Amino acid sequence: MNQFLNDIFIKEPKIIEGVYIISEDTFDENQNQTNSIFSEKWEEYDKEEISEQKKLFEFQKKWYLDLYGFNSEANFKEFLCSKKFILDAGCGLGYKAKWFSELSPNAHVIGIDFSDAIFYAQKRYSHVENLHFVKGDIADTKINDNCLDFVSCDQVIHHTEDPFKTMKELTRILKSKNQIALYVYAKKALPRELLDEFFREETKKINSEQMWELSKQLTDLGKTLSELNVKIDVPDMPLLNIKGGTYDIQRFIYWNFIKCFWNHELGYNTSVSTNYDWYAPSNAERYSKQEFLDMTNKSGLSISFLHDEEACHSGIFIKENISK
Ligand SMILES: C[S@@+](CC[C@H](N)C(=O)[O-])C[C@H]1O[C@@H](n2cnc3c(N)ncnc32)[C@H](O)[C@@H]1O
């Protein structure tokens, strides 16, 4: 085992297929279901055409820079270069952890995920010397206090059983005055929230074949609406939390009524996979901006950069000296 991992983890983890194991399963029913969904999603996506994967990974990296206020990859590289220990909390297939390891070749980068995606990540990137994959719960990392120079938790915390507990755990393992990148789903309009809430319960009762079928139907709906190329003017409807303005019809239905993702550039299969990971996991909490900020504040974090868009709230936060 790498000496530095020995220093970071409270107890030496066992290793299976090159992956460090800190915990393999959970008694929380919803977290368990969420892990299975992501194991399946990433297993499917691992088989996807390389060209489609490449487009998604490039799209995601570009978006990451916007979400966390870096004006270019060079700017992000400069930020990372002083970091020795970097954590990608909830790394999925590990492509962002791999990106961090390239941008910061002198750092050790650890990617943790609770799903079996971690084994695919390890297979993909086993040749990268400064990259290490760990299977476990980011709400209970078994990492010592104040160890890490940068924690990135991108598009993950709302999928954990208790996001506030997870945030406090990620703050605990971060060194004081260092940065954490956090992202949560934003609360949407009332009709969409009601349907999403209802449907996440329903999806627990259906099998995965049906879930993939539904994801294809949602993609077809999104594609059909998008190809109409119709714009509509919508009044403000504050009681329904629907913002007025001129919308493309697909975007209007998407943001306010039902998630029917379609992105021509990313391709059909990536769009299906995106719809799948919206309705399938039981754990998928949404937050208002104030709720997000209250949670970061109570975790002992101060704001360094904030970003809002319809889909999410994100930002870079600094660990204060005194933990709350
Ligand atoms: C939407 S994916 C995002 C993956 C990656 N961060 C990215 O941006 O591509 C959410 C990931 O969080 C992982 N996850 C959910 N709950 C977790 C937990 N408690 N501990 C570790 N990983 C978790 C899932 O297995 C999944 O791979």
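This briefing covers the overall fold, the domain contact, the nonpolar cores, the ligand shell and one enclosed helix of a single chain. The model is predicted. The chain contains 12 helices and 12 strands. Its radius of gyration is 20 Å, close to the 20 Å that the globule rule gives for 324 residues, so the chain is as compact as a globular protein of that length.

**Overall fold**

- The C-alpha trace of the chain spans about 60 × 40 × 40 Å along its principal axes.
- Of the 324 residues in the chain, 39% are buried.
- Among contacts with a sequence separation of 6 or more, 69% join residues that are 24 or more positions apart.

**Domains and their contact**

- The domain assignment divides the chain into domain 1 (3-187 + 288-319) and domain 2 (190-279).
- The C-alpha centres of domain 1 and domain 2 are 26 Å apart.
- Domain 1 contributes 12 residues to the contact, and domain 2 also contributes 12 residues.
- On the side of domain 1 that touches domain 2, helices α2 (29-46) and α3 (50-67) each supply at least two residues.
- The most residues on that side of domain 1 come from α2, which gives 5.
- By class, the side of domain 1 that touches domain 2 has 8 charged residues, 3 nonpolar residues and 1 polar residue.

**Nonpolar cores**

- The largest nonpolar core has 62 residues, and the members that touch the most others are V151, C153, L170 and I180.
- At least three residues of this core come from each of domain 1 (3-187 + 288-319) and domain 2 (190-279).
- A second, separate core has 5 residues, including L218, Y254, C260 and F261.

**L170 in the largest core**

- L170 belongs to helix α7 (residues 163-173).
- L170 counts as buried because it has 28 C-beta neighbours inside 10 Å, and the cut-off for a buried residue is 20 or more.
- Leaving aside residues up to four places away in sequence, L170 touches A89, I138, V151, C153 and I180.
- Three of the residues in that list, V151, C153 and I180, are named with L170 among the core members that touch the most others.
- L170 and K319 are 149 residues apart along the chain, while their C-alpha atoms are separated by 10 Å.

**Shell around the ligand**

- The ligand is surrounded by 23 residues, of which F38, G90, G92, F114 and S115 are the closest.
- Helix α2 and strand β4 (108-113) each supply at least two residues of this shell.
- The largest contribution to the shell is from α2, with 4 residues.
- The shell residues divide into 10 polar, 8 nonpolar and 5 charged.
- Helix α2 therefore gives the most both to the ligand shell and to the side of domain 1 that touches domain 2.

**Helix α6**

- Helix α6 (residues 117-125) is largely enclosed by the rest of the structure, because 7 of its 9 residues are buried.
- The buried residues of α6 are A117, I118, F119, Y120, A121, Q122 and Y125.
- These buried residues pack against β2 (19-21), α2, α5 (95-103), β4 and β5 (131-135).
- Two of the elements packed against α6, namely α2 and β4, also supply residues to the shell around the ligand.

Key:
Residues are numbered from 1 along each chain as its sequence is written. This is a predicted model: local features need pLDDT of at least 70, side-chain atom pairs count only at pLDDT 80 or more; totals for chains, interfaces and linings use all residues. Domain bounds come from an automatic or database domain assignment. Two residues are in contact if their C-beta atoms, placed from the backbone, lie within 7 Å. Ala, Val, Leu, Ile, Met, Phe, Trp, Tyr, Cys and Pro count as nonpolar, Asp, Glu, Lys and Arg as charged, and the others, Gly among them, as polar. A nonpolar core is a set of buried Ala, Val, Leu, Ile, Met, Phe, Trp, Tyr and Cys residues joined through C-beta atoms within 7 Å. A residue is buried if 20 or more other C-beta atoms lie within 10 Å of its own, exposed if 12 or fewer, and partly exposed in between; C-beta atoms are placed from the backbone. A residue is near a molecule or strand if its C-beta atom, placed from the backbone, lies within 6 Å of it. The radius of gyration is taken over C-alpha atoms; the globule rule is 2.2 Å times the number of residues to the power 0.38.
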